[in-house]
Amino acid sequence: MTGFGSLARESGFSLAAALGATAGIWGLPGQIALAELYASGSETLAVVMAVSLANARFLPMAVAFLPMMGAGLRRRAWLFALAQLISVNTWAAGLRVGPALAGPDRRRYFVSFAAVCIGAALLGTAAGFFATGTLPRPVTLGLIFLNPVFFALIFADTRIPATALALMIGAVTGPLLHLVSPDWGLLATGLLAGSAAFWLGRKLKRKGPDS
Amino acid sequence: MTGTLGIWPLLLLAIAATYVWRALGVLLSARMNPEGAVFQCVTCVSYAMLAGLIARMTVLPLGGLAEAPLADRLIAMGLAFAVFFARRRKVLPGVATGVAAFILLAAARQAGLLGG
């Protein structure tokens, strides 16, 4: 989140807004999309939709996660609170540790772990925010550069064919469509490149096993 | 334009727009297979958009990164990938290399060692 803190300050966020984004959105892809598009002065609807799509992975993540995490929970409404605590880290830790614990302990573990993560993330965001403008300019630029490098490498580890295709087609289409429309190019990239990759992935799969 | 709305209303909308997926996840959980086609499609669209954003931030940055020439950004990104694959897909060494290379290049340019 340090990289996000730097990016947020560079994009014109106040410290409170940067911290609010970390704690409230609680999903780095969407936060980066928000900072980038806010800085570019895109239309509100385009920004909100891009943030949403950037974090759309939370849907399948929550679906895979909550039946296990909510086992034995009497008030199902609590699931809506637990869902807000899901991030890539807390989700992975919950899935790894949760099944070995009894229902209530699962939730205790998950909520405590998420609280620690959110605390650390807020500290990281603040550190990145203050580093920008305090540390020498090249270091600040390095912290901002952390954002694209980190996600590029996380994504480079993808081995599912359709998802890998989506990443490759998206990476090529993104800058091009940005030139066509700085406001809507990003969303168009997701919809066009994403559906194309999904479709290609299904075709490959159908051919794959027996050929 | 976002400028007219201000950061706080926009932030609240962004938080709500992220929460929509979480809430939908609660409503659909236990009723749908997380490996199913619909979710794969959602993942593809999301990842394609993020890859587009990352590529755009590298090739056509808006803010501070635009101070560094394209060559620096590409070299640093290339080194990050090289180390990542050389170290059996470990993210941390790759990221550290990429960021360090980028800082060194920026510092060298600031010191006038590389021109431009």
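This is a chat about the interface, pockets and cavities of a predicted two-chain model.

Student: Ground rules before we start: what kind of model is this?
Tutor: This is a predicted model, in which local features need pLDDT of at least 70, side-chain atom pairs count only at pLDDT 80 or more, and totals for chains, interfaces and linings use all residues. Residues are numbered from 1 along each chain as its sequence is written, chains are lettered from A and ligands numbered from 1 in the order in which they are written, and side-chain values use heavy atoms, with hydrogens and water left out.

Student: How many residues of chain A are in contact with chain B?
Tutor: On the chain A side 89 residues are in contact with 70 residues of chain B, contact being heavy atoms within 4.5 Å.

Student: And what area is buried between them?
Tutor: About 7,100 Å², with carbon and sulfur atoms giving 79% of that. Buried area is the accessible area (1.4 Å probe) that two parts lose on being put together, summed over both. Leu59(A), Phe145(A) and Leu153(A) lose the most area on the chain A side, together 11% of what that side buries.

Student: How many salt bridges between chain A and chain B?
Tutor: The count is 3, taking a side-chain nitrogen of Lys or Arg within 4 Å of a carboxyl oxygen of Asp or Glu. Glu36(A) and Arg56(B) form a salt bridge, with their closest N and O atoms 2.9 Å apart.

Student: Which element gives the most to the chain A side?
Tutor: H9(A), with 18 residues; helices are DSSP runs (H or I, at least four residues), numbered from the N terminus. By class, that side of chain A has 59 nonpolar, 21 polar and 9 charged residues. Here Ala, Val, Leu, Ile, Met, Phe, Trp, Tyr, Cys and Pro count as nonpolar, Asp, Glu, Lys and Arg as charged, and the others, Gly among them, as polar.

Student: Pockets next. What volume has the largest pocket?
Tutor: About 1,400 Å³. A pocket is an open set of points on a 1 Å grid over the protein atoms alone, with protein on both sides within 12 Å along at least five of seven lines, whereas a cavity is a set where a 1.4 Å probe fits but cannot get out; lining residues have an atom within 4 Å of a point. Volume is the space filled by probe spheres set on the points, which are joined across faces, edges and corners.

Student: Which residues are closest to the centre of the largest pocket?
Tutor: Met61(A), Val88(A), Phe151(A), Ile154(A) and Tyr47(B), out of 45 that line the largest pocket. The lining divides into 31 nonpolar, 11 polar and 3 charged residues.

Student: What about the second largest pocket?
Tutor: Its volume is about 280 Å³. Of its 16 lining residues, the closest to the centre are Ala152(A), Phe155(A), Leu167(A), Ala171(A) and Phe81(B). The lining has 14 nonpolar, 2 polar and no charged residues.

Student: How many cavities of 30 Å³ or more are there?
Tutor: The structure holds 3. The largest has about 80 Å³ of space, and its lining includes Glu36(A), Ile144(A) and Met57(B). That lining divides into 7 nonpolar, 3 polar and 2 charged residues.

Student: And the second largest cavity, what lines it?
Tutor: Among its lining residues are Phe151(A), Leu50(B) and Met57(B). H3(B) supplies the largest share, 4 residues. The space is about 60 Å³, and the lining has 9 nonpolar, 1 polar and no charged residues.

Key. Helix = DSSP H or I, 4+ residues; strand = E, 2+ residues; numbered from the N terminus.
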